[in-house]
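Biologist: I'm new to this one, so could you walk me through it? I'd like to hear what stands behind each label you use.

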Amino acid sequence: MSDENKADIDIIDVSTFDTHFRDEVADEPGGEHIRRCFSCSTCTAGCPVAGVTDKYNPRRIIHMALLGMREQVLTSDFVWLCSVCYTCYERCPQDVRIPELMNAVRNIAVREGYIPQTFRLQLKKLQLHGRLYEIEDYENERRAEYGLPPIQREAEADEVNQILRRDQKDTPERKDTGE
Amino acid sequence: MTDRSETRTQSSEPRYALYLGCTVPVRGMNYEMAARCVAERLGVTLVDVDGFSCCGFPAKPLDWRGGLLMAARNLALAEAQGLDVLALCSACTGTLTEASHRLKADAELRAWVNEQLAGVGHTYNGTVRVRHFARMLYEEVGVDVLREAIVVDAEGRPLLSGYGFAPHYGCHYLKPSFLYDGFDDPENPCSLDRLIEATGARVVRYEDEGQCCGGGILGFDEETALLVTKQKLDHVTAAGADGLVLICPFCAVMYEANQRRVESLYEAKYQLPVLYYPQLLGLAMGFSLEEMGIKLNRVKPRKLIEALQR
């Protein structure tokens, strides 16, 4: 996959750039500081994910976004590879707030309909149960075995579902879910 | 440093809503058992609040407003009971702390949140303070009180003297540091070291202690996530620790529940015990292996179990 990406990146057709993408990211909460990046690579040097794979390189993603490579960034796998550990957040000399920036880009990608299957399933679980692991009688029986109080299933699932679907009709993110 | 004026609870008798999140009540019952036991012994009151959901962390990358609303809804439930929030999971701590700060500072955002929450019957006024369990022990109980609570043998030696544990602080307990009032240094933290030392055990230093567990990308790219996990397992094993001590259920999923998977994927052998800090503290305080839920630890801390059963 990374070879394929390299080929895409090596040959850049400047006419496809969307020069407003940096503004779009800066307008999205979390992405406000994208223009501050001066590509020093402090983020990438200390990144635990970049340390084990060349699939993820935060400096390159920010640079692509600044250039206006909107489609390449929004449809990529790599924006989903930030583990949100905040190591770079603490160290960035320009306060670019990279994990928040990655989340801003992800929010835009989701609204455009690009959401990896694993995240789609997580969202579905939150809508169904209000939590990532459903609590059923079995779980509460196990908890009782260990002397723990039951998790009372109140209205949380319905309420979280309502919160997450609050403006579904206005958001295109689930247009291609195939659910 | 911490603004004590926003501390609702008296430091002598801390009282909190216990926030479990998604992972702890199902996959981290040993953490919960130990936390409840030591809190009770130390005079910290934990109140169970019905209706807490996921904190909102998994929703933030997809729909940040939805994530914020989920966090605000949880805070509203605690606020309605007049309680601050105590979380066991570091990601929950981060998400709920971020929401509490934003909604305290930004009246406009709070008004929008309340418009949305009205539809599900809640209101949030921005008054709840959020703490991680370990930070509460460190700041509000204090290591001196913990040291007093440790059981010693006839020669005055703590049960855990002679053992060395590697601290794993993880990420969201410390970072982003602006959320946490400077209670510890995000690059060179010491609070978990002091907490481990209070039990009478030794702190074992190892390479790259600040390394993330990789949990944030497990669902998306398991192989890459487990490569991140492997690094710390390698480093802690090389340092010869009796175990890794941590304070977040998802870090435990990576280092303990996935330890065999890392071993088989990368032909390694660790058998590295992983303990939640309250388990370590509880054992040092004289709680039994059973009370600390050690049965639920997948990699058995055999040396410790044999010594404590003697």
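**Two helices, two sheets, two chains**

Modeller: Let's start with a helix pair: B:Leu68, B:Leu69, B:Ala72, B:Arg73 and B:Ala76 in H3(B) meet B:Val113, B:Gln116 and B:Leu117 in H5(B). Keep in mind that this is a predicted model.

Biologist: What makes these residues of H3(B) and H5(B) "meet"?

Modeller: The cut-off for a contact is 7 Å between C-beta atoms placed from the backbone. The residues I listed from H3(B) and H5(B) are the ones in contact. By type, the contact of H3(B) with H5(B) has six nonpolar residues, one polar and one charged.

Biologist: Why are H3(B) and H5(B) called roughly perpendicular to each other?

Modeller: The axes of H3 (64-80) and H5 (107-118) of chain B cross at roughly 75° and come within 10 Å. Angles of 65 to 115 degrees count as roughly perpendicular. H3(B) and H5(B) are therefore given that label.

Biologist: On to the strands. What is the order of the strands in the open sheet that has S1 of chain B?

Modeller: That order is S2-S1-S3-S4, four strands of chain B with parallel pairing. Strands S2 (45-48) and S4 (130-132) of chain B are the edges.

Biologist: What makes S2 and S4 of chain B edge strands?

Modeller: Each of the two pairs on one side only. As for twist, neighbouring strands of this sheet are turned by 40° against each other on average, ignoring direction.

Biologist: How do you know that S3 and S4 of chain B pair?

Modeller: Pairing takes at least two bridges. Strand S3 (residues 84-87) of chain B is joined to S4(B) by three bridges, and the two run parallel. One example is B:Val85, whose bridge partner in S4(B) is B:Val130. Helix H6 (residues 133-141) of chain B lies across S3 and S4 of that chain, at about 90° to S4(B).

Biologist: Which strands form the open sheet that includes S5 of chain B?

Modeller: Four strands of chain B, in the order S6-S5-S7-S8, with parallel pairing. Its edge strands are S6 (202-203) and S8 (274-276) of chain B, each pairing on one side only.

Biologist: How do you know that S7 of chain B pairs with S8(B), and with S5(B) too?

Modeller: Again, two bridges are the minimum. S7 (residues 243-246) of chain B and S8(B) share three bridges in the parallel sense, while four bridges join S5(B) to S7(B), also parallel. Within these pairs, B:Val245 has B:Leu275 in S8(B) as its bridge partner, and B:Ala166 stands opposite B:Leu244 in S7(B).

Biologist: Why do you say both faces of S7(B) are covered?

Modeller: In a regular strand the side chains alternate between the two faces of the sheet. To count as buried, a residue needs 20 or more other C-beta atoms within 10 Å of its own. B:Gly243 and B:Val245 on one side of S7(B) are buried, and so are B:Leu244 and B:Leu246 on the other. Helix H12 (residues 277-284) of chain B lies across S5 (164-168), S7 and S8 of chain B, at about 80° to S8(B).

Biologist: Where do the domains of chain B run?

Modeller: The domain assignment gives domain 1 as 10-133 and domain 2 as 154-281. Their C-alpha centres lie 24 Å apart. Domain 1 of chain B puts 20 residues into their contact and domain 2 of chain B puts in 15. On the domain 1 side, H4(B) gives the most, with seven residues. That side divides into nine nonpolar, nine polar and two charged residues.

Biologist: And chain A: what are its elements?

Modeller: Chain A has ten helices and zero strands. Of its 179 residues, 36% count as buried.

Biologist: How many residues does each chain put into the contact between chains A and B?

Modeller: Chain A puts in 49 residues and chain B 45. H10(A) supplies the largest share of the chain A side, six residues. That side comprises 27 nonpolar, twelve polar and ten charged residues.

Definitions and conventions:
Residues are numbered from 1 along each chain as its sequence is written. Chains are lettered from A and ligands numbered from 1 in the order in which they are written. This is a predicted model: local features need pLDDT of at least 70, side-chain atom pairs count only at pLDDT 80 or more; totals for chains, interfaces and linings use all residues. Ala, Val, Leu, Ile, Met, Phe, Trp, Tyr, Cys and Pro count as nonpolar, Asp, Glu, Lys and Arg as charged, and the others, Gly among them, as polar. Axes are lines fitted to C-alpha atoms, for helices over the stretch in contact, and angles run from 0 to 180 degrees between N-to-C directions. Domain bounds come from an automatic or database domain assignment. Angles under 35 degrees count as roughly parallel, over 145 as roughly antiparallel, 65 to 115 as roughly perpendicular and the rest as oblique. A residue is buried if 20 or more other C-beta atoms lie within 10 Å of its own, exposed if 12 or fewer, and partly exposed in between; C-beta atoms are placed from the backbone.
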